[in-house]
Amino acid sequence: MHKVELLSPAGNLEKLKIAIDFGADAVYGGVSHFSLRIRSGKEFTMESFKEGIDYAHARGKKVYTTINGFPFNSQLNLLEKHILAMAELEPDAFIVATPGVLQLAHKLAPQIPLHLSTQANVMNVLDAKVYYEMGARRIIAAREISLRDLKQIKTELPDLELEVFVHGSMCFAYSGRCLISTVQSGRVPNRGSCANDCRFPYELYAANPETGTLFRLEEDPGIGTYIMNSKDLNLASHIKEIIDAGAVDSLKIEGRTKASYYAAITAKAYRMAIDDYYAGLEPSERYQEELNTMQNRGFTDAYLVNRPFEKHDTQSLDFTMQMGTHQVSGMVTEDGEHFLCKYTTRPGDEAEIVAPSDAVLSPYTNEYGSIYERDGRWYVRFDKLVAENGREWEAVHSGNVNPIALPGRLPQYCFLRIPADGIDQSPPV
């Protein structure tokens with residue numbers, strides 16, 4: 001059976017490895033040139049991106065390179081050099097956004113499959129057919145598309161792969177084609193440098209053009225007016241419906257600029273959902289439980305399974321971000337023997353261990369503490385906090401760069417988390 005692909009964001013080499021270790025079938029990312037995520041792209045060099053490709057290929061996974069910016073005429077020579085340089089790294093596909101770049105990439109590197117970015121706004125069979133005939137082998141559909149329209153495209157073009165977003169930040173503008181950041185700060189979203197102006201609170205004013213009178217509309221104290229702040233997409237509870245449609249080849253998670261924990265948990269949750277589907281199991285509440293552990297803007301199932309006019313729950317007007325049910329307290333280092341603190345940790349503290357998909361954990365007890373299983377979950381308790389250099393700490397806080405010894409070896413990139421109960425979870429204002 002041809003199984004749907006789980007595609008995760010790779011904002012840097014660490015996140016690339018984490019996404020793969022936690023269950024992604026493929027990842028997408030790139031260096032900063034001509035990418036729609038300049039900030040995350042700067043975290044990759046050509047050398048580290050090649051290392052990431054090799055890491056993925058050694059595990060039977062794929063890497064798709066983002067060349068999905070909108071170039072100016074003055075950059076076309078540089079674009080050609082960039083395409084040739086990226087082709088030498090042997091990624092599994094290029095993600096491009098414009099007809100001209102698609103044709104150029106096909107000409108310069110015909111051996112690299114081409115995926116059409118969601119920025120191209122494909123919503124129908126006519127547009128899909130044009131890009132397919134130009135050489136696109138996969139189309140990342142517009143975020144506003146419906147499952148019904150995807151099925152029609154698949155019926156007309158059965159050899160064309162279709163990819164859809166199932167999780168992550170959503171843009172206030174149509175398919176991300178936004179100019180708000182450009183107008184306010186000179187940072188151009190369609191060239192990868194969006195300042196996320198839509199996430200800011202705004203004050204509302206009323207003006208009388210005849211008299212020049214201007215007055216501020218009153219708001220409730222302490223509540224910002226986040227009039228353009230979209231909720232986060234979350235389709236984990238609709239995986240069965242999406243796969244049953246028979247039209248989707250790849251389920252994509254947004255978030256190259258998000259934290260390493262986000263890369264892990266989204267891959268973990270959607271991996272469980274996909275695997276449960278193919279195992280014939282009923283959907284589990286565990287998917288949403290995991291996703292709810294992360295910071296989010298509130299969740300919506302958006303447009304894929306609902307028409308825009310059918311639901312009006314896509315905006316989060318009262319806050320820009322809220323805490324999840326858990327706080328990340330640590331991340332296990334690559335040697336598996338230490339962790340780096342992400343939140344205050346003291347002797348006697350217990351933290352849940354979040355491990356990669358295929359990890360096998362074993363109980364340990366020594367002078368530093370214990371690793372143990374309880375109710376199907378794994379935990380670590382610290383009796384002593386001893387750094388790699390031998391120094392013992394009474395408490396370790398976020399920002400402390402000293403690796404702290406674990407009671408036993410854990411798989412690399414495990415996360416430690418604690419319930420957020422007792423932590424101030426008030427939405428920022």
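Helices here are DSSP runs of H or I at least four residues long, numbered from the N terminus. Keep in mind that every view below comes from a predicted model.

**View A. Helix 10 and its part in the second largest pocket.** Helix 10 gives this pocket the largest share of its lining, with 4 residues. It has company: helix 10 (260–278), helix 11 (286–291), strand 15 (350–354) and strand 18 (377–382) each put in at least two lining residues. The whole lining adds up to 19 residues, and the ones nearest the centre are Lys268, Arg286, Ala355, Pro356 and Ser357. As for the space itself, the second largest pocket has a volume of about 370 Å³.

**View B. The largest cavity, and what lines it.** The count for the model is 2 cavities of 30 Å³ or more, and the largest cavity holds about 100 Å³ of space. Its lining is made up of 13 residues. If you want to find the middle, look for Ala142, Arg143, Phe165, Leu233 and Leu304, which lie nearest the centre of the largest cavity.

**View C. Histidine 167 and its many contacts.** This histidine sits in strand 7, which runs over residues 161–168. Histidine 167 counts as buried because its relative accessibility is 2%, and the cut-off for buried is under 20%. A polar atom of the histidine 167 side chain lies 3.3 Å from the backbone oxygen of leucine 233. Leucine 233 also turns up in the list of residues that histidine 167 touches, once those up to four places away in sequence are set aside. The rest of that list reads Asn234, Lys252, Ile253, Glu254, Tyr262, Thr266, Tyr270, Leu291, Met294 and Phe299.

**View D. Helix 6, with a buried side and an exposed face.** Helix 6 covers residues 125–134, and Val125, Ala128 and Tyr131 are buried in it. These three sit on the same side of helix 6 because they cover an arc of only 135 degrees around its axis. Leu126 and Glu133 are exposed, and they are carried on the face turned away from that buried side. What do the buried residues pack against? Their partners are helix 5, strand 5 (114–116), strand 6 (136–140) and helix 7 (147–156). Now for the two ends of the helix. At the start of helix 6, asparagine 124 reaches over with a side-chain oxygen, to within 3.1 Å of the backbone nitrogen of leucine 126. After helix 6 comes glycine 135, with a positive phi, near 125 degrees.

**View E. Leucine 104 in helix 5.** Helix 5 spans residues 99–108, and leucine 104 has its place there. Leucine 104 has a relative accessible area of 17%, and since anything under 20% counts as buried, leucine 104 is buried. Leave out its neighbours within four places in sequence, and leucine 104 is in contact with Leu79, Glu80 and Ile83. Take leucine 79: it is 25 residues from leucine 104 along the chain, and the two C-alpha atoms are separated by 9.2 Å.

**View F. Two buried cysteines, 341 and 414.** Cysteine 341 is buried at a relative accessible area of 4%, while cysteine 414 counts as buried at 0% relative accessibility. How many disulfides does the model have? With a cut-off of 2.5 Å between cysteine sulfur atoms, the count comes to 0 disulfides.

Key:
Residues numbered from 1 in each chain as written. Predicted model: local features only at pLDDT ≥ 70, side-chain atom pairs only at ≥ 80, totals over all residues. Heavy atoms only, no water. Buried < 20%, exposed > 50% of the residue type's maximum accessible area, 1.4 Å probe, protein only. Contact = heavy atoms within 4.5 Å. Polar contact = N/O pair within 3.5 Å; in protein donor to acceptor, adjacent residues only side chain to side chain. Arc of directions from axis to C-beta. 1 Å grid on protein atoms, 1.4 Å probe; cavity = no way out; pocket = protein on both sides within 12 Å on 5 of 7 lines; lining within 4 Å. Points joined across faces, edges and corners; volume = space filled by probe spheres on them.
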